[in-house]
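This explanation goes through the surroundings of a bound ligand, step by step. It starts with single contacts and ends with the domains.

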Amino acid sequence: MDHITSIFNAQQVYKYTLRKNNVSERIAKLKQLKTSIKNSEALIYAALQSDLRKSAFESAVTELLFVYGELDFAIKNLGAWMAPKRVGKTLSNPFAKNRLYYEPKGVCLIIAPWNYPFQLIMSPLISAIAAGNCVMMKPSELSPETSKVVSKIIADTFETQEVACFEGDVEVSSALLKLPFDHIFFTGSTAVGKVVMEAAAKNLSSVTLELGGKSPTIIDETANLAKAATKIAWGKLVNSGQTCIAPDYVFVHQQQVDEFIGLYKAAATKMYFKSEANINPDAYGKIINAKHFERINHLVSDAVAKGATINWGGNADAQTQTIDPVVLTHVPTDAKVMEEEIFGPLLPIVAYTNLDDTIFQINAKSKPLALYIFSESSKNTNYIIKNTSAGGTCVNDVLVHIANPKLPFGGVNGSGLGSSHGVYGFINFSHERAIVFQRKIDFNKMVYPPYVGKDWVLKMLSKLM
Ligand code: NAD
């Protein structure tokens, strides 16, 4: 792993050059990256098709357009983001000029997962470049074709002293994590997030952790069930359920469970099936690899063994690594499908009669990355929001909060630390440096020793503060 250390050392030197870049220079880099991506579009589409059987349409919407959106937003707003911010004076120091400067953290590490393998490595890279950093990045080994294209784009666009991409598995990741980075941006599972934070602690590197977990959905009795079913079917089944903010399980009022299942089946069939029994491979992605295929099937068999009912689906084709959508009811709380993040096309439905029970069950688990509410009652909606915590929430929709670069995206505790996108990503990759410019006249001398005869100063300061 000598090449990793030598590039890290080169970046440690180059970061002092890079930090002097002005707005136009950073914008030029972002534009350069955009051009390289544009020139590689065909390769990106082919890679996503090969890794995840993503259609060109889905790849455009969930990966490329997303990245272009982040790039354009950063290019448009970088001047405002980088500008020092005025901060109010204190009464005890009334003449000083107070400013907040955004300085680059320095040399940053980005580690990415495989489920949106282009978007999830490019989006933090955009924020890191906007903030003026050198970057070492590691895409996922489980999406090798996309990782290859990412690596090529980076090599075509940047000198390694500025941005370098390292393909590889845990061994490469572990070697990178030994280095004293100024910041580490990790997207992946909660379990590996803990490994990353432990490694970061050894060097006191700051971290952004974009993790996973179980994102619940509550459908109350006032909700438009048909709309909820369509939106949940889309959010659950896009990328075959391999989406960090997919609705993981759904609370449905006991009296509406059967109706909801009918509507969900109809909506899912319309979007993802060629005929009643046949999945449409142009719209429905594959499971990333045999290990995850087995893992998801095991979640179903474990739930059934513990008493759950399969209400729909269950076909799984190992050859094409395709698992048809599954709906489960009567799932006991100790079934793995109710304990682990599903990350696949299975939808457990939890019947409830009292809204407080749903809140109790949500709060008994780790704080989710997303929580979705379907309701026409603002009283119920506000009640759920007030009594729960989540990284983000959509009311009467799913997933779409991720698409607004003006909103921070991230988790809370078990589902993540820090946020990404737009200015929030820029701030995460920056150090907010407090700067006070003292004037010629200042009152600070009043608090210098000796203190004899200065009781009046204390009295005055207590009044002012
Ligand atoms: P993962 O944690 O297994 O792997 C993520 C990255 O970490 C990969 O690059 C991998 O090579 C590396 N890695 C794996 N084990 C490691 C170890 N022991 N030490 C150091 N590095 C290691 O996650 P994954 O399977 O690639 O992705 C799925 C998970 O990511 C899900 O939990 C999902 O919810 C989460 N996710 C979160 C977001 C978000 O924005 N919050 C987005 C996508 C995925």
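In this predicted model, a side-chain N or O atom of Ser-189 lies 2.7 Å from an oxygen atom of the ligand. Glu-141 also has a polar side-chain atom placed 2.7 Å from a ligand oxygen. With Leu-211 the backbone takes part: one of its N or O atoms is 2.7 Å from a nitrogen atom of the ligand. Taken on its own, the ligand has 830 Å² of accessible area, and the protein covers 89% of this.

These three residues belong to a wider shell. There are 26 residues around the ligand, and those that come nearest are Ala-112, Glu-141, Ser-189, Leu-211 and Glu-341. Sorted by class, the shell holds 15 nonpolar residues, seven polar ones and four charged ones.

Next comes the space itself. The ligand takes up the largest pocket. Three elements each give two or more residues to the shell around the ligand: helix α7 (170–177), strand β6 (183–187) and helix α8 (190–203). Of these, α7 supplies the largest share, with three residues.

Where does the ligand lie with respect to domain 1 and domain 2? Domain 1 is made of two stretches, 2–211 and 413–433, while domain 2 spans 216–403. Both domains give residues to the shell around the ligand, so the ligand lies between them.

Notes. Residues numbered from 1 in each chain as written. Predicted model: local features only at pLDDT ≥ 70, side-chain atom pairs only at ≥ 80, totals over all residues. Heavy atoms only, no water. Near = heavy atom within 4 Å. Polar contact = N/O pair within 3.5 Å; in protein donor to acceptor, adjacent residues only side chain to side chain. Areas by Shrake-Rupley, 256 points an atom, 1.4 Å probe, with all protein chains shown as cover. 1 Å grid on protein atoms, 1.4 Å probe; cavity = no way out; pocket = protein on both sides within 12 Å on 5 of 7 lines; lining within 4 Å. Sits in = over half its atoms within 2 Å of the grid points. Helix = DSSP H or I, 4+ residues; strand = E, 2+ residues; numbered from the N terminus. Nonpolar A, V, L, I, M, F, W, Y, C, P; charged D, E, K, R; others polar. Domains from an automatic or database assignment.
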